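Me: Could you take a close look at one part of this model for me, starting with a single charged pair and working outwards from there? I would like a connected account rather than a list.

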Amino acid sequence: MSNDHGGLTTTIDHKTAASTNYDAVIVGSGISGAIAAKELCEKGFKVLILEAGPGKDLSLNGYEKYLDNFYTATSKDNNAPFPRNPNAPMPRGTDVDSLRPGEPNSANFLVQNGPLVTDTTYCKVVGGTTMHFESKTPRMLPEDFHMKDKYDVGVNWPMDYKELQPYYRKAEKEMGVSGEVASQNITGTDNYAEGYVFPMHGMPPSYLDQTVGKGLNGMKVDMKGEEHTLQVRPFPQGRNGIPNLEYKAFNDGENFVPEGAVSLHQAEIGERCQGNNNCTPICPVQAKYDARKTLVKALRTGYADLLPQTVASKVVVDDSGKVTELEYKHYDSMESSEYETGSFKGKIFVLAANAIENARLMLASGLQSSSKLMGKNFMDHPYLLTWGLLPEVAGTMRGTVCTSGISDLRSGEFRKEHAAFAIDIHNDGWGWATGSPYTNLHDIVDNMNKYGKELRHELVNQISTQLLMAVMIELMPDPSNSITVSPDYTDRLGNMRPIVSLSIPDYTLKAVEKARQVTRQIFQRLGAEDHTSYDPLDFGYVSYNGEGYALRGGNHIAGTHIMGDDKATSVVDKHQKSWDHENLYLIGAGSMPSIGTSNTTLTLAALCFKSTKKMLEDLI
Amino acid sequence: MNAKTLEIQQFLQLSVKLTAFSEFQLQGTGQLEEYYDAVYQIVGEKNMIQLLTTFDKIQDDTGSDEAAFDKQFRAKVLSDEKLGPITRSIIKLWFVGTWYQLPKSWNDTFGLLENDKTYVISPSAYKEGLLWPTIGSHPMGAKAPGYGTWSAPPEIPAID
């Protein structure tokens, strides 16, 4: 047995792993890799999981070091809890800068080729990006799978919603979803069917949600001649709440038991959200799902080996296209550029590194896919942030980061003309847009010259009334939006870095314009002061139809190894298996042919569960 | 009472004025001595003593007359080229646990201070920031109020 401490500390060395013939070699310990590992290990197959980043955080102590990093970080951005690691660098939202026309900006890890600069981020640590994700878990809508047929835009999926539905349920169980199904029947159809309930009851809506709902519910919006009625609806979330006893019917007659903190020793925390208002970048009590919760289930079978600080550097294939081995670079210390190399062997290989890193590794290995689509069709949700002050104290800065939003514009016939969008009400106030509450404090002290009582009154006036609406906007696949690599741009270990090319098409810009109009109307209806403004010097600034907007990255990267039923027009088949390589799977949101207006994690988790069925067939 | 104890006492009195939190509440954060030490290390003994004695004299001269205190405090501390920026950084320190580097204009006039850089004093300084109780909340990622509490209206403490 290669693991001790109940599977939570790995003791395997690289030499032993390199001389083992694994059933599956998995690249990445995020949610995709963890699900694949768990599903294969539970059937007795031996897997190796490579993680480019550090992995000390499988102990409670290691996790709490991340928390202290967060507390003492002067910038509380998405990756604030995680140390800078030149051997396996990751993008940081604070690293972005405007482009000079005509030249890529390679100053930071993500090489930005423009024209739009993105501040999208992901995480390279054990647990992957679920370590800092917000864990909102709406499903995609049935019509999102048929964009070409229904609206004549984008492409169709090689499967429909019904085919994915049972795997959505598996994903909702694995991620421990709290929510109310009734709030999710957005386009009037009963997408969940048969009296389905989520494993846990919904997170209670925040006082802010209720304040907004009071003024907004029933508001009518015209969408290209179609009337939509808005209401504030809670979101399902992968976060521990109160188990729903009716879930028994979907759980083999058993009550659902929330997964608490991952720990070597018994630690009774994390079984219910405490309202830390810090889902992103780190839940202090681990009530939020992260992939380590799935990963430990794999490790505890005794069939999984985990090698952190091990960067996959090349996928090696034979003449028939079959993958023969995976080359790696292992470093002992993040402080040193020294590394050793080697390779791992397995029956199947699973790239589960994320949409940017999967494509990066394949392209760096010279594997562009016979479709030439590897790295193409890069997608992410552009976010438009709008912010105002409500006429009453709404208790902003309390609750999970987001409990509710407006989902009524996620679909409709208007999608023939422009993209759909969903609106989040941010319980953490203007922070994302302005750096509040810190910027408010600075302004009140340095410019308004307040101290003592007046300062305290002003803090309440400026913060407790904040309403930030973050609009998530659909982006269609477009081969010109891409991830590429070049030997001109490498990291400290000599691995090629991803180059991002991104532009926003009119289909999405029209929705940006509409979203701004709708949010203006919402502020007007609520009697809120609209403080939204976009700086033409902002790195995410775009102009459309005479008005300017600043867009933000959504951290929902997708599309780079697009799935389809024709090998000429897609990289992977409906099982996420590479058309070109009979023993290679590329899993995760990179396979998604469209992203609708859903946060991608739940859907990619469902896809992973579905793909593991095929992997098991391959191995048996 | 030795000199340091006396200075901490003066620093506490000053902090009460700057934050409108009571001595009891400020002591309750457990941060008083850490902040005093940090500011002392950053601005140096001379500046610290000048700030505290200036404040002490204003308080002696104005007694319980709040308007008179405000006038003199603005004239002799907040608008003072040397003491004003230090005082504003102390206010922010109490509210969010971060020392903010003094403005460049301060350095140009009074020189560079070796320890003056923007940093969060400690994990506990972050957690004890006064901004959060001011708005009826808690620091993001710490002192969580419990499941579902966010559904109720905020309890914003009255200022006496």
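Reply: Happy to. In this predicted model, a good place to begin is the salt bridge between R233(A) and D408(A), whose closest N and O atoms are 2.8 Å apart. The two partners come from distant parts of the chain, 175 residues apart. R233(A) sits in strand β9 (residues 233–234) of chain A, while D408(A) belongs to the loop between β16 (404–406) and β17 (421–426) of chain A.

How buried or exposed are the two ends? R233(A) has a relative accessible area of 8%, and for D408(A) the value is 9%. Buried means under 20% relative accessible area, so R233(A) counts as buried, and D408(A) counts as buried too. When you turn the model to find this pair, then, look for a buried arginine facing a buried aspartate.

For a contrast in setting, go to K416(A) and E413(A), whose side chains also meet in a salt bridge, at 2.8 Å from N to O. Here K416(A) is partly exposed, with a relative accessible area of 46%, and E413(A) is partly exposed at 36%.

A further pair to inspect is E454(A) with K450(A), joined by a salt bridge with an N to O distance of 3.9 Å. The cut-off for a salt bridge is 4 Å, so this pair, at 3.9 Å, falls within it. E454(A) is partly exposed, with a relative accessible area of 44%. K450(A) is partly exposed as well, at 21%; the class begins where buried, under 20%, ends.

Not every salt bridge in chain A has to be read as an isolated pair. K38(A), E39(A), E42(A), E174(A) and K297(A) are linked in a network of salt bridges. Over all chains, a search of the whole structure finds 39 salt bridges, and the pairs described above are among them.

Next, the backbone. Most residues other than glycine have a negative phi, and most peptide bonds are trans. With that in mind, some places in chain A deserve a look. The peptide bond from T280(A) to P281(A) is cis, with omega near 5 degrees. P281(A) lies in the loop between β10 (237–238) and α7 (292–300) of chain A. The bond from S436(A) to P437(A) is cis too, again with omega near 5 degrees, and P437(A) is placed in the loop between α9 (431–434) and α10 (438–447) of chain A.

As for phi, S369(A) has a positive value, near 75 degrees, although this residue is not a glycine. You will find S369(A) in the loop between α8 (355–364) and β15 (383–389) of chain A. The serine is buried, with a relative accessible area of 11%.

Chain B has a positive phi to show as well: K143(B), a residue other than glycine, has phi near 50 degrees. K143(B) lies in the segment after α9 (131–134) of chain B, and at 46% relative accessibility the lysine counts as partly exposed.

Since that brings us to chain B, here is its overall picture. Chain B has nine helices and two strands, and from the N terminus on, its elements run α-α-α-α-α-α-β-α-β-α-α. The radius of gyration of chain B is 17 Å, close to the 15 Å that the globule rule gives for 160 residues, so the chain is as compact as a globular protein of that length. Along its principal axes, the C-alpha trace of chain B spans about 50 × 40 × 35 Å. Of the 160 residues, 50% count as buried. Among contacts in chain B with a separation of 6 or more, residues 24 or more positions apart account for 55%.

On the surface side, chain B exposes about 7300 Å², and carbon and sulfur atoms supply 52% of that area. Chain B carries 14 positive and 20 negative charges, and the mean positions of the two sets are 5 Å apart.

One last stop in chain B is F110(B), in helix α7 (residues 104–110). F110(B) is partly exposed, with a relative accessible area of 32%. Leaving aside neighbours within four places in sequence, F110(B) is in contact with E81(B) and K82(B). The C-alpha atoms of F110(B) and K82(B) are separated by 7.5 Å, although the two residues are 28 apart along the chain.

Conventions
Residues are numbered from 1 along each chain as its sequence is written. Chains are lettered from A and ligands numbered from 1 in the order in which they are written. This is a predicted model: local features need pLDDT of at least 70, side-chain atom pairs count only at pLDDT 80 or more; totals for chains, interfaces and linings use all residues. Side-chain values use heavy atoms; hydrogens and water are left out. Helices (H or I, at least four residues) and strands (E, at least two) are DSSP runs, numbered from the N terminus. The radius of gyration is taken over C-alpha atoms; the globule rule is 2.2 Å times the number of residues to the power 0.38. Buried means under 20% relative accessible area, exposed over 50%, partly exposed in between (1.4 Å probe, protein chains only). Contact means heavy atoms within 4.5 Å. Accessible areas come from the Shrake-Rupley method with a 1.4 Å probe; for residues, only the protein chains shown count as cover. Lys and Arg count as positive and Asp and Glu as negative; His and the chain ends are not counted. The place of a charge is taken as NZ of Lys, CZ of Arg, CG of Asp or CD of Glu.
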